[in-house]
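Thanks for coming. I will take one structure today and go through a helix, the cores and a few charged pairs.

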Amino acid sequence: MPIRTIRASGTPRTTGSPGAPDSAPGETGTTAKVRARRAGLRGEGTWGWLFVSPMVLVLGLFMVLPILMALWVSLLHWDGQSNPFSGQADFVGLDNYRSLLTQDGLDRTLFATSLRNNAYYVLLTVPLQTALALGLALLVNQKLLRGRGALRTTFFFPSVTSSIAVSTVFLFLFQGSGAVNSMLSWIGIKGPNWFADPRGVLSLILGGLGIVDPERPTGMLADHSTMGLSWFEWLSGPSVAMCTLILLAVWTTSGTFMLIFLAALQNIPRELEESAAMEGVNRRQMLWHVTLPALRPVLFLVLTLGLISTWQVFDQVYVMGQGAPGNTTLTPAFLSYSAGFDNADFGQGSAIAFILLALILILTAFQRWALRERGARTGRNR
């Protein structure tokens, strides 16, 4: 039972049970409870940081610290043979970035070529692999389809196969006398020498239509340039060799994204589809107005993963030509590797990596903005 005590001023004060700490002078019971709750939360926060501290240390040691070291290396002219944190490495500031972005020369031309190649790779690979993955997920999600488990395994199998092994197989398939050209010859088509053809696909199509001359372009496309490449080179499209890399990427990655879409499809409430069916919607309307809106968060995930992985493509390029023919399969990731380990210019290689990082972050933010919810805003009641 609470005990009432009288202060010297005659104001009553309530205390808790014997042995409990009294409230501070002028402090109500509610304020004391708030202070106690905050103290408890601080204690929980301390224990939480204590439990996650091993992982924080691991991430800081093997992720954050190397990133900061690489950022410092991008400001140096370093050949990898000395300590970059000593005076033996030349500090050049932003010169590595200027040589790639603003200064005329071979470095900027190669970097612009790699950006052009990778941009076409992203623009074709991400939509194709996303559409194929969604189509396969819709297919294997059918209740009446027989052998769904076998089909899922078959579609997913290329994703778990070594990319080096798959790239080597594609080298044999797309040779001049390979299986692909042999099958094309059955229908009267003479296939190109896929990995040795640097011609742009769009320029070939425009040349076939008689709009431009791919061998000797003239006019504004040839007279204007950006970052050392003419507008015709920017707009000529992916090379025939790059198209084989796009086919390889779509074939090997669609299975993984299929499983992501499949898990999301199975989480769509059955009542939502049944109510839409009762309204008389057909399958196309069900897909556009029910299924795809429910898949918006998963679609953003798949597009983001595809965007990041395609801008970082390296192993297929390394195995299937290392930028050949004519640097039409060169990518920023491989150019960064080549600058550091082939040309012993680790400063420029690091600068390419950080420019690529900034580009990926910007495109991811734009993609997030483009796929945001656009519901009607409700005004505040006044």
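Let me start with a side chain you can find on the screen: is Arg108 buried or exposed? Arg108 has a relative accessible area of 12%, so it counts as buried. Keep in mind that this is a predicted model.

Arg108 has a charged partner, Asp104, and the closest N and O atoms of this salt bridge are 2.2 Å apart. Asp104 is exposed, because its relative accessibility is 67%. That pair therefore joins a buried arginine to an exposed aspartate.

How many salt bridges does the structure hold? There are 4, and I will show two others. One of them links Arg199 and Asp197, with 2.7 Å between the closest N and O atoms. Here the aspartate is the buried partner: Asp197 has a relative accessible area of 7%. Arg199, at 41%, is partly exposed.

The other is between the side chains of Arg98 and Asp95, at 2.6 Å from N to O. Both residues sit in helix H2, 3 residues apart, or about one turn of the helix. An α-helix has 3.6 residues a turn, so residues three or four places apart point the same way. Both are partly exposed: Arg98 has a relative accessibility of 38%, and Asp95 has 36%.

Now the nonpolar side. The largest nonpolar core has 35 residues, and Phe111, Tyr121 and Trp311 have the most contacts inside it. Several helices give two or more residues to this core, including H2, H3, H5 and H10. Which element gives the most? That is H10, with 7 residues.

Take Tyr121 as a way in. Beyond its neighbours within four places in sequence, Tyr121 is in contact with Met242, Leu245, Ile246, Ala249, Thr310 and Val313. There is also a second, separate core of 15 residues, with Ala137, Ala264, Leu265 and Leu295 among them.

That brings me to H10 itself, residues 240–266. Of its 27 residues, 19 are buried, so to speak of it as mostly covered is fair. How far apart are its end C-alpha atoms? They are 39 Å apart, which agrees with the 39 Å that 27 residues should span at 1.5 Å a residue. H10 also has a kink of about 35°, centred on Ser254.

That is what I have; I will take questions now.

How values were computed. Residues are numbered from 1 along each chain as its sequence is written. This is a predicted model: local features need pLDDT of at least 70, side-chain atom pairs count only at pLDDT 80 or more; totals for chains, interfaces and linings use all residues. Side-chain values use heavy atoms; hydrogens and water are left out. Helices (H or I, at least four residues) and strands (E, at least two) are DSSP runs, numbered from the N terminus. The expected span of a helix is 1.5 Å times one less than its number of residues. The bend at a residue is the angle between axes fitted to the seven residues ending there and the seven starting there. Buried means under 20% relative accessible area, exposed over 50%, partly exposed in between (1.4 Å probe, protein chains only). A nonpolar core is a set of buried Ala, Val, Leu, Ile, Met, Phe, Trp, Tyr and Cys residues joined through side-chain atoms within 4.5 Å. Contact means heavy atoms within 4.5 Å.
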